[in-house]
Amino acid sequence: MRTKIVLSIIFLFYALLIYRVYDLSVISNQKYSKLSLQNKQKEILIPPIRGVIYDRNSKPVAYNELRFDIALKPHLKKTEILEALNDLNETLNDVNVSKLYEIYHKENSPYNHRPIVLLKYLKEDLIYKIQPFLSLNENIIITPSYLRKYPYKEILSNVLGYVSKANVKDLQRNKTIELTQISGKRGIEKYYDDELQGVAGKKEVIVNAKNEILKEVSYVKPQTHTLTLSIDTALQKYIYDLLKNENKKGAVVVMKTDGEILALVTYPSFDNNLFVKGIDYKTWNKLIHDLYNPLLNKPVSGIYPPGSTVKPAEGLIAAASRKWNPWKKIFCPGFLEIGNRKFRDWKEGGHGEVDLIKAIKRSVDVYFYKIGLTLGIDYIAKNLKKMGFGKKTGIDLPNEKQGIVPDKKWKIKRYHQPWFIGETLNAVIGQGYFLATPLQVAVNTALLASGKLPKPFIVKKIDSNETKPVLKDVLTKKEKKYLPLVRRGMWEVCNAPGGTATNHINTKITIAGKTGTAQVYSIPQEVKKRKREDELKYFHRSHAWLTTFGPYRRPQVVVTVLIEHGGHGGHAAGGIVSKIYNYLVDKGYIKLK
């Protein structure tokens with residue numbers, strides 16, 4: 001009997017043991033397999049912090065300031081939403097509960113699993129005060145964010161642009177923008193938006209059916225790129241203040257002869273910080289209706305009649321054409337008569353006997369009228385285009401305008417009309433249909449100074465990768481042969497008695513250049529005597545140009561100044577140009593030996 005009992009116990013023990021093995025290996029396996037299906041591996045993208053922008057001296061000119069956003073979890077019940085909003089209202093006092101509820105209701109959907117941001121860019125000290133109270137509500141989430149800051153405001157806004165809330169096109173263009181929700185809208189911020197956005201990081205995690213993270217599998221850090229500009233902020237501010245103190249609206253380009261931009265100034269300008277959080281309608285309306293157009297990046301996107309600044313290039317074209325003798329003297333009586341119309345020179349009574357050097361020095365209109373009649377508009381236009389006019393320079397900024405170098409084909413295409421001789425005479429003195437940007441004038445001046453056409457650039461480095469200057473050899477051997485002659489004429493503009501800028505230049509080095517006075521409205525033929533510029537209404541006054549290079553013997557820098565409705569180029573811009581060159585010498589940008 002005892003044997004039967006012992007055997008029964010042994011049998012029962014092994015039966016239980018076999019059942020347990022079966023349970024663990026078969027039944028439990030099915031159970032835990034089902035549970036494991038509720039857990040899965042998930043990739044979480046981590047938004048990068050927007051890259052910092054520095055000037056050439058490593059001063060941060062666009063950076064990110066730590067702020068915080070307040071959000072609510074998605075898919076909350078109405079009672080949970082109202083409870084969270086009331087907590088926010090009690091903590092912050094000035095919260096518009098109805099407006100926040102609308103935002104939540106609009107953003108909440110079955111497809112959205114991200115927290116819904118209701119309040120953005122709250123300051124750090126405020127968050128430290130309210131966080132202990134808001135943390136009691138598990139539906140309220142406080143997350144760090146970054147506010148783009150531009151410490152130099154109006155001084156650099158035309159160069160930097162700004163960031164603002166991304167639109168649909170932005171989101172489609174770059175997947176990283178879906179994470180950052182901001183994009184560059186103008187300037188460097190727009191042109192280099194992809195680089196500044198950076199590359200999203202990611203981490204692989206194991207989550208359960210409730211989307212709760214159980215384990216982190218891997219982690220890749222976000223990548224951020226920094227930009228270093230060629231701009232000298234101190235020089236930029238110095239020039240901006242010069243224009244502001246003298247109340248002269250316009251544009252200034254300071255560029256090395258290899259295309260490296262040292263300053264690119266627009267006055268008046270705007271505070272780009274206004275756009276980061278979203279600009280209000282009243283401020284926006286005021287900016288877009290401002291008669292002085294502060295939103296326009298004038299050196300790059302402003303187009304103006306270039307006036308007499310084109311004459312040195314035209315003199316070079318003529319001298320190298322074999323149809324024109326630059327040494328031959330031509331008599332200028334003060335006008336050129338075509339049919340029953342007189343095309344006047346700027347100087348009543350004329351300039352007497354004139355060769356190419358004197359024509360540049362005194363900016364003799366009649367001399368260039370005759371060049372236009374001899375060479376024809378098509379020949380002149382073709383060569384001006386290769387010298388930097390009528391096409392984009394390729395600068396690394398958005399919205400660059402290409403300007404207009406008119407010719408017969410252009411007029412037929414644009415107006416379906418033939419070309420007239422009088423239009424040639426207007427074009428060769430930089431008037432009529434002819435339009436150029438200050439940057440194009442600067443690039444053409446660099447060509448005359450160095451013999452090479454530069455591609456201007458503003459970003460000097462992306463991370464540690466330096467930008468290499470690009471110089472094009474566009475001149476023929478004959479054009480290069482006559483460059484010294486044209487340069488001599490430009491030297492006399494700024495240094496010789498009777499030069500159109502001589503009385504207004506006071507520099508520590510010898511410079512050369514060309515003035516320009518570009519009319520903005522036509523003077524009827526019946527008007528025998530022109531009014532002085534200061535007698536005209538402001539918006540009827542001519543634009544004033546002065547484009548220069550220096551030092552004369554060993555050109556290193558180009559300075560181009562446009563003063564809107566400034567009148568005569570030498571008078572309006574000579575003092576500003578002189579101060580810029582003296583600053584460049586003092587700061588070591590120009591090597592004297």
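I looked up Asn-399 and found its place in the loop between helix H16 (377–386) and helix H17 (408–415). The model I am consulting is predicted.

**Backbone at Asn-399.** I read a positive phi of about 65 degrees for Asn-399, although this residue is not a glycine. I noted the sign because most residues other than glycine have a negative phi. I then checked the accessibility of Asn-399: the value is 46%, so I entered the residue as partly exposed.

**Backbone at His-416.** I turned next to the loop between H17 and helix H18 (421–428), where His-416 lies. I recorded a positive phi here also, about 55 degrees, and His-416 is not a glycine. Is His-416 buried or exposed? I found a relative accessible area of 68% for His-416; the cut-off for exposed is over 50%, and I therefore listed His-416 as exposed.

**Peptide bonds.** I went on to the omega angles, because most peptide bonds are trans.

Which form does the bond from Tyr-267 to Pro-268 take? I found this bond to be cis, with omega near -5 degrees. I placed Pro-268 in the loop that runs between strand S12 (261–267) and helix H11 (281–288).

I made a second entry for the bond from Gly-550 to Pro-551, which is cis with omega near -10 degrees. I located Pro-551 in the loop between two strands, S22 (543–550) and S23 (557–563).

Note on methods: Residues are numbered from 1 along each chain as its sequence is written. This is a predicted model: local features need pLDDT of at least 70, side-chain atom pairs count only at pLDDT 80 or more; totals for chains, interfaces and linings use all residues. Side-chain values use heavy atoms; hydrogens and water are left out. Helices (H or I, at least four residues) and strands (E, at least two) are DSSP runs, numbered from the N terminus. Buried means under 20% relative accessible area, exposed over 50%, partly exposed in between (1.4 Å probe, protein chains only).
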